[in-house]
Amino acid sequence: MKVMQKTLLATAMAATMAITGSANAAGLSDDKVKIGVLVDMGGVYADICGQGCVEAVKMAVEDFGGSVLGKPIEVVSADTQLKPDIGSAIARQWIEQEQVDVINGAVASSVTGAVTKVASDAKKITLIAASASHAFTTKACTPYNAHWTYDVVSLANGTVKPIVQSGKKKWFFVTADYAFGHALESVATGVIKENGGEVVGGVKAPLGTTDFSSYMLQAQASGADVIALANAGTDMVNSLKTAAEFGVTETADVAGLLVFTPNAQALDPNVAGGMKLTTGFYWDMDDETRAWSKRYMARMDNKIPAMPHAGAYSSTMHYLKAVQAAGTDDSDAVMAKMKETPVEDFFSRNGYLRADGRMVHDMLQVRIKKADERANGDDIFAIEQVIKGDDAFLPLSKGGCEFAMAKN
Amino acid sequence: MATFLGINLFALSGQLLIGLINGSFYALLALGLAIIFGLLKIINFSQGALYMLGAFGAYLGLNHLGLSYWWALLLVPLAIAAIGILMERTLIRPIANEDHLYSLLLTFGIALILQGLFTHWFGSSGLPYAIPEELKGGTKLPFMYLPNYRAWIIVFSLVVCAGTWYLIEKTKLGAYLRAGTENPQLMQAFGINVPLIVTLTYGFGVGLAGVAGVLAAPVYSVSPEMGSNILIVVFAIVVIGGMGSIGGAILTGLAMGVVEGLTKYFYPEASNTVIFLVMVLVILTRPAGLFGKPA
């Protein structure tokens, strides 16, 4: 009975959307398309999705021709300082007063959670280029989220599964003690258990811990085959440095569950060399990625792009093409077009935007190169394996995104 | 395996040793702050940023000037001290006679600017710095593997701390210094150049941050945020030890390293709060700190 009610409700909603969609379908609101890029300019994620994300969005707009349906495309950007309240306040002001049609960037899951709430209440699309929580397409999904680059599930699947299957069954977690770390640990634990492994211990280290030596001794004492780092940024760099220093890496593997290229560059190749990880994008994969990355680097002081930058470009391009095809910037019509068109570009291979807003695309399992394998400072990863999108991401049926499951 | 009350004593010894290593590091940083506050009455919030500058100095020296770790350990602190002296002469001196809050806000502002500039120039993710060849590897102790570099940290910091303490508390130069800050006018009447002493003391205090920065570069992430993460803890240590007490800062640094180390073993989640808990308890029972003299 309940199921039927939900189905009825969903059908009614879909019908309403279709009606409002077609009513607005005549051209663009405010005679322009305005893209707001929300980033971290000066905090710990500035290299991950800061000025780089803004430039990537601008590149997409320029490559698209600077206008859509004969009207100009504008890009504005703002710094959330990684604070959810600031992020949601900016999003609200953009949408209510400055005619922003779509939000891109969105770094740090805590901020993104607040921003997607504001945007979806106003029926505006958020193109999430840089957040890891899989909540945006499961429990907290909305018809206006498009989660583009990676999430905790694809990272854990890509990194953990092959290692457990290679016979390394005993795992120890060093987890960042906040929502992101907990989510990563619980997803990875699930993957370990499904594949016949076990978790022999773990610590929850506060965010911003400088010295991880105590935890590495505990990891060593646990007799684990693999030490999983369910943390990010400086925490990850510090824990890996310490693991190598204390000789932990000689007896056990270390698996970084979220490693961006700038983090990998911050590590001595003799320390990090050999570590396996998963990424949504690597600049030096093939001619297409290299061509785009060279153009990006020319604008960004020769810094190589990380996966959120490529995701920000790809999602902007896909959005603009959908606006063109739909003949309107009405969010419902554009989202429908985005979901029915495959996403195929230098970043996304075999990609498609699923009903729940998850952009499913091939992920890369890579290994950090040792010093003697590197041609230069930007030569960081060796690609070990391509993971098919459907194997990497959580299936729609397991996610629990109600509106999307009702539709299918 | 030896156990006591269900606690593995081998594991505990390892944690105690690690606590001491981190403690010696805290002691070095707290010492610089304690000197600057105790003798000059400046609450130096830029100490963390200067520590960061020390680590970046080691990185830049290696990659642009070809300076080895050992040269960096000698030259970078001198360079940081020179920056400190410049800061003292041009910015801090003009407000020396104002309320302590002014110097606090000024140095905090300087710290934010330095941090912002380095994020702009080098990004937020940090830079690689390897452990020097001579100190690679480690020693297998019965209860843990002790990396040579960590052993070096503890020996070097303790020598620097003990030397500084001796210099200030036991030598004639130290006596001039203490007297000069206690009663500047009288000392100047004796023909002692007090402003010069103040400048050099400030330079020495921030130079210690430079030393700590170079020491940290091989083991911790060299990033613009590294100073702000550690500064607050070090301030708490200075408060627990007693603002301005040189010996107190050193001993408290070591003790808090051990307390934090044990917390990381028994209840990791509280490891970044335990020092502040101790601080609250100390302020409630001994407001002047463990080694401070009540005003």
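## Exercises on a predicted two-chain model

In chain A, 71% of the contacts with a separation of 6 or more are between residues 24 or more positions apart. The model is predicted, and the exercises below treat its chains, its domains and selected local features.

**Exercise 1. Determine whether the radius of gyration of chain A agrees with that of a compact globule.**

Solution. Step one is the expectation: for 408 residues, a compact globule would have a radius of gyration near 22 Å. Step two is the value for chain A, 21 Å, which agrees with that expectation. Step three adds the dimensions: the C-alpha trace of chain A spans about 65 × 55 × 35 Å along its principal axes. Finally, 58% of the 408 residues of chain A count as buried. The secondary structure of chain A consists of 18 helices and 15 strands.

**Exercise 2. Carry out the corresponding analysis for chain B, starting from its helices and strands.**

Solution. Chain B has 11 helices and 4 strands. Its radius of gyration is 20 Å, close to the 19 Å given by the globule rule for 295 residues, so chain B is as compact as a globular protein of that length. Along the principal axes, the C-alpha atoms of chain B fill a box of roughly 65 × 50 × 35 Å. Buried residues account for 53% of the 295 residues in chain B. Of the contacts in chain B between residues at least 6 apart in sequence, 75% join residues at least 24 apart.

**Exercise 3. Describe the domains of chain A and the contact between them.**

Solution. The domain assignment places 2-150 + 286-361 in domain 1 of chain A and 153-279 + 364-390 in domain 2 of chain A. The centres of these two domains, taken over C-alpha atoms, are separated by 29 Å. Each domain contributes 16 residues to the contact. On the side of domain 1 of chain A that touches domain 2 of chain A, H2 and helix H5 (109-121) of chain A are the elements that give two or more residues. The residues of that side divide into 8 nonpolar, 7 polar and 1 charged.

**Exercise 4. Establish the strand order of the open six-stranded sheet in chain A and identify its edges.**

Solution. The order is E2-E3-E1-E4-E5-E6 (chain A), with mixed pairing. Strand E2 (67-68) and strand E6 (145-147) of chain A are the edge strands, each pairing on one side only. Strand E5 (residues 125-130) of chain A pairs with E6(A) in the parallel sense over 3 bridges. Within E6(A), His147(A) stands opposite Ile128(A).

**Exercise 5. Characterise the side of chain A that touches chain B.**

Solution. The contact takes 33 residues from chain A and 33 residues from chain B. On the chain A side, at least two residues each come from helix H2 (46-49), strand E8 (198-205), helix H8 (213-221), helix H9 (233-245) and helix H11 (261-265) of chain A. By residue class, this side divides into 14 nonpolar, 12 polar and 7 charged.

**Exercise 6. Is Leu33(B) buried or exposed, and which residues does it touch?**

Solution. Leu33(B) lies in helix H1 (residues 9-40) of chain B. The count is 29 other C-beta atoms within 10 Å; because a residue with 20 or more is buried, Leu33(B) is buried. Leaving aside residues up to four places away in sequence, Leu33(B) touches Asn44(B), Gln47(B), Val234(B), Phe235(B) and Val238(B). The C-alpha atoms of Leu33(B) and Gly205(B) are 6.7 Å apart, although 172 residues separate the two along the chain.

Notes:
Residues are numbered from 1 along each chain as its sequence is written. Chains are lettered from A and ligands numbered from 1 in the order in which they are written. This is a predicted model: local features need pLDDT of at least 70, side-chain atom pairs count only at pLDDT 80 or more; totals for chains, interfaces and linings use all residues. Two residues are in contact if their C-beta atoms, placed from the backbone, lie within 7 Å. Ala, Val, Leu, Ile, Met, Phe, Trp, Tyr, Cys and Pro count as nonpolar, Asp, Glu, Lys and Arg as charged, and the others, Gly among them, as polar. A residue is buried if 20 or more other C-beta atoms lie within 10 Å of its own, exposed if 12 or fewer, and partly exposed in between; C-beta atoms are placed from the backbone. Two strands pair if DSSP finds at least two bridges between them. The radius of gyration is taken over C-alpha atoms; the globule rule is 2.2 Å times the number of residues to the power 0.38. Domain bounds come from an automatic or database domain assignment.
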